[in-house]
Amino acid sequence: MKLSVVLSTQPTQFQAATFSGNLENNLQAIADMGYDGVELAVRDPRLLDLEKLQESIRKYKLIVPAIGTGQAWGEEGLSFTDPNSDIRRKAIERIQSHIPLASQFQAIIIIGLIRGIVSAQVSFTQAMQWLIEALVECCHVAKESGVRLALEPINRYETSLINNVSEGMRLIDEVDAENFGLLLDSFHMNIEEPNIEASIVTCGPRIFHFHVADSNRHYAGSGHLNFQSILYSLAQTGYQGFISGEFLPLPDNHIAAAKNIAFLRGLPL
Ligand code: LER
Ligand code: MN
């Protein structure tokens, strides 16, 4: 099992960014705990010192399986479905600006909250149309660099667009691009899926990335999710990617990340 954990490269309001702050110290801590990789949450790639980042990632022998992009929504309000066409265009450009970074690390680009919500003055059909158009355009450009995009079904309290696996799979049909798949997150699945394991199996090879947090969004092993059967179902789909921890940094990020890896490595899979 390949394990990673989320690290935000910039200060963030997103509470489940397990690590943020001093990059070098965090990467060292993550590597020392035995993680194979680090998932980077990046608001804007222009804010990064790419060379320094690459050097540090190499130094600690970590892999970057995925790049999170949701902070562009959380901190800047960019989204694919904003009523304002300038904001929609900026969101598309922002995702495309992640492509060189993702290509260097051979990482997946995550489409989380940057997809937006259905705004009051916009119909669901219109929002879906903007979402599909943005994804088609981004997937087309990403394909030239061999980069894949993964949309994350997110629970109803955070977005009104694509809350569950069946909506996600319908979107995959609409976008119709080989480099487009899903990121499943056990925390959101616990809220939205009738049966987590059965939903995972229906995705087959379209699962590009996987987030773990327990039912309470704390580290895996601290709530009531059955990770043994969840990860068994994931393996049944042929998934060979990372299991990436995205949980609240409580009681602190080091303790949470250490308990998460100890729990997952201890599962009889
Ligand atoms: C991001 O991966 C996520 O899971 C969302 O809850 C962001 O708010
Ligand atoms: Mn997630």
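User: How are helices and strands defined here?
Analyst: Helices (H or I, at least four residues) and strands (E, at least two) are DSSP runs, numbered from the N terminus. The model is predicted.

User: Which elements each supply at least two residues of the largest pocket's lining?
Analyst: Strand 3 (37–41) and helix 3 (71–74) each do so. The largest share, 3 residues, comes from helix 3.

User: What is the volume of that largest pocket?
Analyst: The volume of the largest pocket is about 460 Å³. The lining has 29 residues, and F14, G70, Q71, L113 and E246 are the closest to the centre of the pocket.

User: And how does the lining of the largest pocket divide by class?
Analyst: It comprises 10 nonpolar, 11 polar and 8 charged residues.

User: What about the second largest pocket, which residues lie nearest its centre?
Analyst: Those are P65, Q106, I108, R148 and F208, out of 25 lining residues. Helix 5 (99–105) and strand 8 (207–212) are the elements that give two or more residues to this lining. The second largest pocket has a volume of about 310 Å³, and its lining consists of 13 nonpolar, 10 polar and 2 charged residues.

User: Changing topic: which residues of helix 11 are buried?
Analyst: The buried residues of helix 11 are N253, A256, A257, N260, I261 and L264.

User: Why are they on the same side of helix 11?
Analyst: They are on the same side because they cover an arc of only 125° around the axis of helix 11.

User: What covers them?
Analyst: The cover of the buried residues of helix 11 includes strand 1 (2–8), helix 1 (23–33) and helix 10 (227–236), among others.

Terms used:
Residues numbered from 1 in each chain as written. Chains lettered and ligands numbered in written order. Predicted model: local features only at pLDDT ≥ 70, side-chain atom pairs only at ≥ 80, totals over all residues. Heavy atoms only, no water. 1 Å grid on protein atoms, 1.4 Å probe; cavity = no way out; pocket = protein on both sides within 12 Å on 5 of 7 lines; lining within 4 Å. Points joined across faces, edges and corners; volume = space filled by probe spheres on them. Nonpolar A, V, L, I, M, F, W, Y, C, P; charged D, E, K, R; others polar. Buried < 20%, exposed > 50% of the residue type's maximum accessible area, 1.4 Å probe, protein only. Arc of directions from axis to C-beta. Contact = heavy atoms within 4.5 Å.
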